[in-house]
Each structure stands twice: as structure tokens, then as C-alpha cells.
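I opened this notebook to keep track of what I looked up, one topic at a time. The entries follow the order in which I went through the model.

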Amino acid sequence: MPELAEVEHYRRRWAVAVGERVERVFLNAEKRVFRGVDTAALVTGLAGERMVEARAHGKQMYYRFGERQWLGVHLGMTGKLFCVEPEAAGEKHDHLRLVLDSGRVLVFQDSRMFGRVLYAACEGLPEWLQGLPPEVLSDAFTFEQMDAFLDCRAGAPIKAVLLMQGVFPGVGNWMADEILWRARVAPMVPAGRIGRRKRREIFACLQAVCRDAMRVIAPDWSRPPEDWLFNHRWRDGGICPRTGRALRRESIGGRTTCWSPAWQCYRG
DNA sequence: CTATTTGTTTATCC
DNA sequence: AGGATAAACAAATA
């Protein structure tokens, strides 16, 4: 489920441990979420260290312990982070558990295991945090950059382009649909066929959807207002809140896409 | 039983 | 070469 704002929500669930020390680490090294990770080094490296930083960049979260212990978490499709009381029972898909000095436990749970854990012990940023693109809500994310990228991916449907994490970090399936719905652009339109004026609208809607999602979802996972596409998109028979007509669901760019044909009339 | 899934990586085809 | 697309990953849910 996790896109930009859901990731931020989960980041905060572990951020309650900032200032606390890790007493012990439990994990099952065989699980796919640890693919490529030196789990033995992770277990010994984090033990005794204090969490000093809890951050997210797009869908990639990372926590720093002490001066040189870095733990990365990506939630994939079904990953979750939470903090439980000492007496809480473990659950089936708990893959990583950090027991704090207070007794509370930070848990990473992921049933489908498309998520992953990363680990590094180094002075500066680990290589997997270097060269990240500007975050979509930062000043460094500019229209000119988006404009150039749409030309670079001119043949791909705009829906697929918005999902590319190298330029739109954090944008996921429902956010891409929400953006195109607000901008009134049909999702299968090739990016290169979108004119400059409409690109300006897409840019503004992109920022607005990210900002709104952060405000509504990140603090407590509130249900978005009914005038978002969000509440209508999941089930068959959904109705467009703007037109009152049926939403359509089809596969575009390899992903299930929900859109409102009468409303999203821009075809480039 | 089958079909579906809010993500990413790898393979394959142009 | 490089962009576009499909497949694979895995388990829960309908």
C-alpha cells in the first residue's frame, strides 16, 4: 500500500525510538527481504546503538544508529513498520525486530516480501542513499526537469512515466491516477504528446496531490475527502466524483489504472 | 479453484 | 544502444 504519504506515516511509527538504544536484534536471515544483506553484521552492528535519525526519501526510508550504522527499509507492496509493547506476541510475517532498552520493539512486517532491508556501516551516506533524485516536494524539483524527462520518455504512457521513481520518488499507483484525474489527462497518452500548458497543470497537480496526501494521510492515516478519486477507485462500479459517471479500470503501463473517461478528456 | 493486488528488478523485444 | 513492455517475485484476499 505504501506510497509517499503512507511511507512517511510508517517512518514516524519507528521515529518514536529516536534517542533510544537498541538492546537486541532478531531477524530471520533466510527471508527474501534481506536479499544481499550481511545480516550477521546488521545484528551485531545495531546492538547497543542509539537511533539518532529517522528519514524517508520517496519510498526509501532509512534510520541511522550511532555515527555509522545505517538501516534502510523499503516497504514494497505490503510492508509495515510499527512499535509494540514488550508483551506483544510476534506475528507470522515479522521479519525484523529491534528490541529497545525500554522493552518496546520496533517491528518490520511484510507478507509478500517485495520489501527489503538494507544495511551499511560507514562514515558518510551509504552508496544506496547517494545520487537520489530531488524529492517532489522540495524546491530542487523543478518543472524544467519534469519537462525534459517527459521528452526523454516520449513514447511511454504518461501513467507509466509518473511511476518512475528515478524522477518522481514516492509517486505510486493511486497517486499517479489521482494526479492525472485532477489534471484531466487520459492515462494512456504518450508523454511526448502532452503540450506545455498541460504539462504545467500536471506539475501543479503532482505537487498538490503529494502535499494533500502528506497532510491527510501521514499523521494518522485519515480517510481522504470524498472529492478525491481515492475513495472511489478501488472497487468495481466506482463513480467519478466530478461527473457522476462510471470510472473505468484497465491495465496501463502494466498497472491497474482507474480513470474517468468523460472527465479526463485530454488526449494530447 | 481463479483472479486480483497501492512495487521493483530483470528479461526480452523492437 | 536504449526505450518500452512483460514476467517474475510471494502471499493474502475475494
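**Entry 1: DNA strand B.** I note at the outset that this is a predicted model. I began with strand B and asked which parts of the DNA face the protein: of the atoms of DNA strand B within 4 Å of the protein, 55% belong to sugar or phosphate, and the rest belong to bases. I then looked up the surrounding residues, of which there are 15, and found that Met1, Lys59, Asn173, Arg255 and Thr256 come nearest. Sorted by class, the residues of this surface are five nonpolar, six polar and four charged.

I went on to the polar side chains that approach strand B. An N or O atom in the side chain of Lys59 is 2.8 Å from a phosphate oxygen of DNA strand B, and for an N or O atom in the side chain of Thr256 the distance to a phosphate oxygen of that strand is 2.2 Å. With Arg112 the partner is a base oxygen of DNA strand B, which is 3.1 Å from an N or O atom in the arginine side chain.

**Entry 2: DNA strand C.** Which residues are around DNA strand C? I wrote down Arg32, Lys92, His93, Ser111, Arg112, Met113, Phe114, Arg153, Ala154, Gly155, Ala156 and Pro157. By class I find five nonpolar, three polar and four charged residues on this surface. Of the atoms of DNA strand C within 4 Å of the protein, 55% are part of sugar or phosphate, while the rest are part of bases.

For the individual contacts, I noted that a polar side-chain atom of Lys92 lies 3.1 Å from a phosphate oxygen of DNA strand C. Gly155 uses its backbone, with an N or O atom lying 2.9 Å from a phosphate oxygen of DNA strand C. For Arg153, a polar side-chain atom lies 3.5 Å from a sugar or linking oxygen of DNA strand C.

**Entry 3: the two domains.** I turned to the division of chain A, which is into domain 1 (4-129) and domain 2 (143-259). The contact between them takes 10 residues from domain 1 and 15 residues from domain 2. Taken over C-alpha atoms, the centres of domain 1 and domain 2 are 30 Å apart. The area buried between the two domains is about 1100 Å², and carbon and sulfur atoms give 69% of this area. On the side of domain 1, Leu4, Glu6 and His9 lose the most area to domain 2, and together they make up 48% of what that side buries.

**Entry 4: helix H5 and the residue after it.** How many of the residues of helix H5 (residues 173-183) are buried? I find that 10 of its 11 residues are buried, and the helix is thus recorded as mostly covered. The buried residues include Asn173, Trp174, Trp181 and Ala183, and Asn173 is also one of those that come nearest to DNA strand B. I looked up what the buried residues of H5 pack against, and the partners are helix H1 (4-15), helix H4 (158-162), helix H6 (196-216) and strand E10 (255-259).

Just after H5, Arg184 takes a positive phi of about 65°, in the loop between H5 and H6. I stopped here because most residues other than glycine have a negative phi. Arg184 counts as partly exposed because its relative accessibility is 31%, which lies between the limits of 20% and 50%.

**Entry 5: Trp221.** I found a positive phi of about 60° at Trp221 as well, although Trp221 is not a glycine. Trp221 is in the loop between H6 and strand E9 (248-252), and with a relative accessibility of 26% it counts as partly exposed.

**Entry 6: two buried loop residues.** Is Glu20, in the loop between H1 and strand E1 (22-27), buried or exposed? With a relative accessible area of 16%, Glu20 is buried, because the limit is under 20%. Not counting residues up to four places away in sequence, Glu20 touches Glu49, Arg50, Met51, Leu100, Ser102 and Arg104.

Trp128 has its place in the loop between strand E8 (116-121) and helix H3 (143-152), and Trp128 is buried, with a relative accessible area of 16%. Its contacts, leaving aside neighbours within four places in sequence, are Tyr62, Trp70, Leu71, Gly72, Leu118, Tyr119 and Ala120. I also looked up the spacing to Gly72, which is 56 residues away along the chain, and the C-alpha atoms of Trp128 and Gly72 are separated by 8.7 Å.

Terms used:
Residues numbered from 1 in each chain as written. Chains lettered and ligands numbered in written order. Predicted model: local features only at pLDDT ≥ 70, side-chain atom pairs only at ≥ 80, totals over all residues. Heavy atoms only, no water. Near = heavy atom within 4 Å. Polar contact = N/O pair within 3.5 Å; in protein donor to acceptor, adjacent residues only side chain to side chain. Nonpolar A, V, L, I, M, F, W, Y, C, P; charged D, E, K, R; others polar. Buried < 20%, exposed > 50% of the residue type's maximum accessible area, 1.4 Å probe, protein only. Helix = DSSP H or I, 4+ residues; strand = E, 2+ residues; numbered from the N terminus. Contact = heavy atoms within 4.5 Å. Domains from an automatic or database assignment. Buried area = accessible area lost by both parts, 1.4 Å probe.
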